[in-house]
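Please walk through this structure with me, beginning with how its strands are paired and going on to the pocket and the aromatic rings.

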Amino acid sequence: MDISIMQPYLFPYIGYYQMINCSDCFVIADDVQFIKQGWIHRNRILLNGAPSMITLPLNKDSYILKINERSFAIQEGTKGRSTFLNKIVNSYRKAPEFKTVYPLIETIINYDDNNVAKYLINSITEICAYLDIKTEMIIESSFKLSPELDYQDSVIYVCKVLKANRYINSIGGMNLYSAEQFKKNGILLKFIKTRESLHYRQYYNTFVPNLSIIDVLMFNSLTKVKALLMEYDLIDGRG
């Protein structure tokens with residue numbers, strides 16, 4: 001049993017979906033603290049040949065709240081949704097897959113629950129359905145983890161509950177975990193790394209990598225995206 005655990009992000013890059021796709025079970029960490037400068041409410045798309053930020057506005061709340069305790073400021077009558085969608089149209093209306101992909105993005109953005117966790121979980125599951133990713137998804141708050149556990153111990157606990165023998169994490173977290181500690185608990189630690197050779201044709205000759213999955217979907221057929229999902233390597237964890 002291979003599992004991975006990650007916070008829910010707003011239209012994350014393809015590596016996020018590679019991690020889901022290579023796992024038997026994906027746990028969405030909705031019960032961790034909201035990171036203001038992270039990717040939970042924003043991402044990057046291609047605009048005029050360069051990366052450009054897209055953001056959904058948040059209601060003002062305490063910085064100590066968890067992801068599932070925050071809400072987007074996109075109630076009916078506000079401009080958050082329309083501003084977001086207008087930027088997508090301006091950026092990708094001439095992209096080859098725009099007519100196919102834009103209705104999906106529009107449906108996701110118009111989801112009627114403003115809770116950050118629920119909104120993003122819906123987004124992730126909708127994209128996975130489009131990509132035909134069958135991985136089981138579980139919400140981390142359902143485990144009711146003890147607040148006394150640090151993040152590594154909570155991951156090991158979830159792995160044990162799910163009877164996982166391999167844990168796959170984003171390459172960006174390599175310094176956060178000890179392969180030896182996972183091994184002591186009968187779990188092999190791996191990190192997924194998107195291959196640098198992953199390229200596709202955008203509007204311009206210079207490829208801009210690591211943009212939102214929106215960019216990948218707009219420029220590639222579904223068949224091509226499924227092939228890109230396999231462009232990764234699994235790296236051993238450190239001791």
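Two strands are taken to pair if DSSP finds at least two bridges between them. The model is a predicted one, and the hairpin is a convenient place to apply that criterion: strand E3 (42-47) is joined by six bridges to strand E4 (residues 50-55), and the two run antiparallel. Within this pairing, Asn43 has Ile54 in E4 as its bridge partner. The hairpin that E3 and E4 form has two residues between the strands, and Asn48, which lies in the turn, has a positive phi of about 55°.

Strands of a sheet pair through backbone hydrogen bonds, in either the parallel or the antiparallel sense. An open sheet of six strands, with mixed pairing, follows the order E5-E2-E1-E6-E7-E8. Strand E5 (136-139) and strand E8 (232-236) stand at its edges, and each has a single partner strand, so one side of each is left without a neighbour in the sheet. On average, neighbouring strands of this sheet are turned by 30° against each other when direction is ignored. Five bridges connect E6 with strand E7 (residues 188-194) in the parallel sense, and among these strands' residues Ser170 has Ile192 in E7 as its bridge partner. Helix H1 packs on the sheet, where it touches E1, strand E2 (25-28), E5, E6, E7 and E8, and its direction makes about 140° with that of E7.

Where does the largest pocket draw its lining from? The largest pocket has a volume of about 540 Å³, and of the 25 residues that line it, Met6, Gln7, Tyr9, Trp39 and Ser170 are the closest to its centre. The elements that give two or more residues to this lining are strand E1 (2-6), helix H1 (14-21), strand E3 (42-47), helix H5 (151-161) and strand E6 (166-170). H1, the helix that packs on the sheet, supplies the largest share of the lining, three residues. By residue class, the lining divides into 14 nonpolar, ten polar and one charged.

The aromatic rings remain to be considered. A search of the whole structure finds 17 aromatic pairs. One of them is formed by Tyr151 and Tyr177, a tilted pair with 6.4 Å from centre to centre and 45° between the planes. This pair links distant parts of the chain, since Tyr151 lies in helix H5 and Tyr177 in the loop between E6 and helix H6 (179-184), 26 residues apart.

Technical notes:
Residues are numbered from 1 along each chain as its sequence is written. This is a predicted model: local features need pLDDT of at least 70, side-chain atom pairs count only at pLDDT 80 or more; totals for chains, interfaces and linings use all residues. Side-chain values use heavy atoms; hydrogens and water are left out. On a 1 Å grid over the protein atoms alone, a cavity is a set of points where a 1.4 Å probe fits but cannot get out, and a pocket is an open set with protein on both sides within 12 Å along at least five of seven lines; lining residues have an atom within 4 Å of a point. Grid points are joined across faces, edges and corners, and a volume is the space filled by probe spheres set on the points. Helices (H or I, at least four residues) and strands (E, at least two) are DSSP runs, numbered from the N terminus. Ala, Val, Leu, Ile, Met, Phe, Trp, Tyr, Cys and Pro count as nonpolar, Asp, Glu, Lys and Arg as charged, and the others, Gly among them, as polar. Axes are lines fitted to C-alpha atoms, for helices over the stretch in contact, and angles run from 0 to 180 degrees between N-to-C directions. Contact means heavy atoms within 4.5 Å. Rings of Phe, Tyr and Trp (its six-membered ring) pair if their centres lie within 6.5 Å; planes under 30 degrees apart count as stacked, over 60 as edge-to-face and the rest as tilted.
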